[in-house]
Amino acid sequence: MMPIRKSQNWLPSIFNDFFDNDWMVKANATAPAINVFETETEYKIELAAPGMTKEDFNVHIDEDSNLVISMEKKSEKKEEEKKDGRYLRREFSYSKFQQTMILPDDVDKEKIEACVENSVLNIELPKFTEQEKEKEKRIINVK
C-alpha cells in the first residue's frame, strides 16, 4: 500500500487542475503589457516598459512582413568594493523580450513610426488611404 498525503486544502487543487493544463496557455507574467488601438486612419500600439529607453528597443519588419518588437536591458548594481574585502551584495538584472505581430493587409509598412515617451513605446501603423488601396487593386490582363 502506498502512503498518501492527505490535505485539507482541496479547493486550490481543483483550480490548479483546471487552469494548469495544455489547452489553457499561461500568460507570460514577465512580458510587458501591450495595448492596440484602431482609428479610421491607423493602428496604434502602446507597450509599457518602465525604466526602458529608446536604445533598449528594436522595432522592425521581418522577412514575412510581420512587426517584430524586441527589447533588451542589462544593468548591474555594485556595492562599493574594499581592497581587502569581498562582495556583501551585488545585483545583476537582465531583461529580454520579443513579440512578433502579424500586420493587417491595410497597414502601410513604409510609413510605420515608433517613439518612446514616459516609459511607453508608441508605434503608429498608418493604414493605406482609399487612393492607395485602389492602386493596389490592379487588373492583370490575361494574354
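In what order do the 4 strands of the open sheet stand? The order is β1-β2-β7-β6, with antiparallel pairing; strands here are DSSP runs of E, at least two residues long, numbered from the N terminus, and two of them pair if DSSP finds at least two bridges between them. Since β1 (34-38) and β6 (113-117) sit at the edges with a single partner strand each, one side of each is left without a neighbour in the sheet. From one strand to the next, the twist averages 15°, taken between lines fitted to C-alpha atoms, with angles running from 0 to 180 degrees between N-to-C directions.

This is a predicted model, where local features need pLDDT of at least 70 and side-chain atom pairs pLDDT 80 or more, while totals for chains, interfaces and linings use all residues. Residues are numbered from 1 along each chain, and side-chain values use heavy atoms, leaving out hydrogens and water.

At one edge of the sheet, β1 pairs with β2 (residues 42-48) in the antiparallel sense over 5 bridges. Glutamate 38 stands opposite tyrosine 43 in β2.

Then there is aspartate 62, found in the loop between β3 (57-61) and β4 (66-78). Aspartate 62 is buried (under 20% relative accessible area, 1.4 Å probe, protein chains only). Aspartate 62 has no salt bridge (a side-chain nitrogen of Lys or Arg within 4 Å of a carboxyl oxygen of Asp or Glu), and the nearest side chain of opposite charge, lysine 109, is 9.3 Å away. Its side chain does reach backbone nitrogens: that of asparagine 66 at 2.8 Å and that of aspartate 64 at 3.0 Å. Leaving aside neighbours within four places in sequence, aspartate 62 is in contact (heavy atoms within 4.5 Å) with Val68 and Thr100.

Notes
Buried < 20%, exposed > 50% of the residue type's maximum accessible area, 1.4 Å probe, protein only. Lys, Arg positive; Asp, Glu negative; His and termini not counted. Polar contact = N/O pair within 3.5 Å; in protein donor to acceptor, adjacent residues only side chain to side chain.
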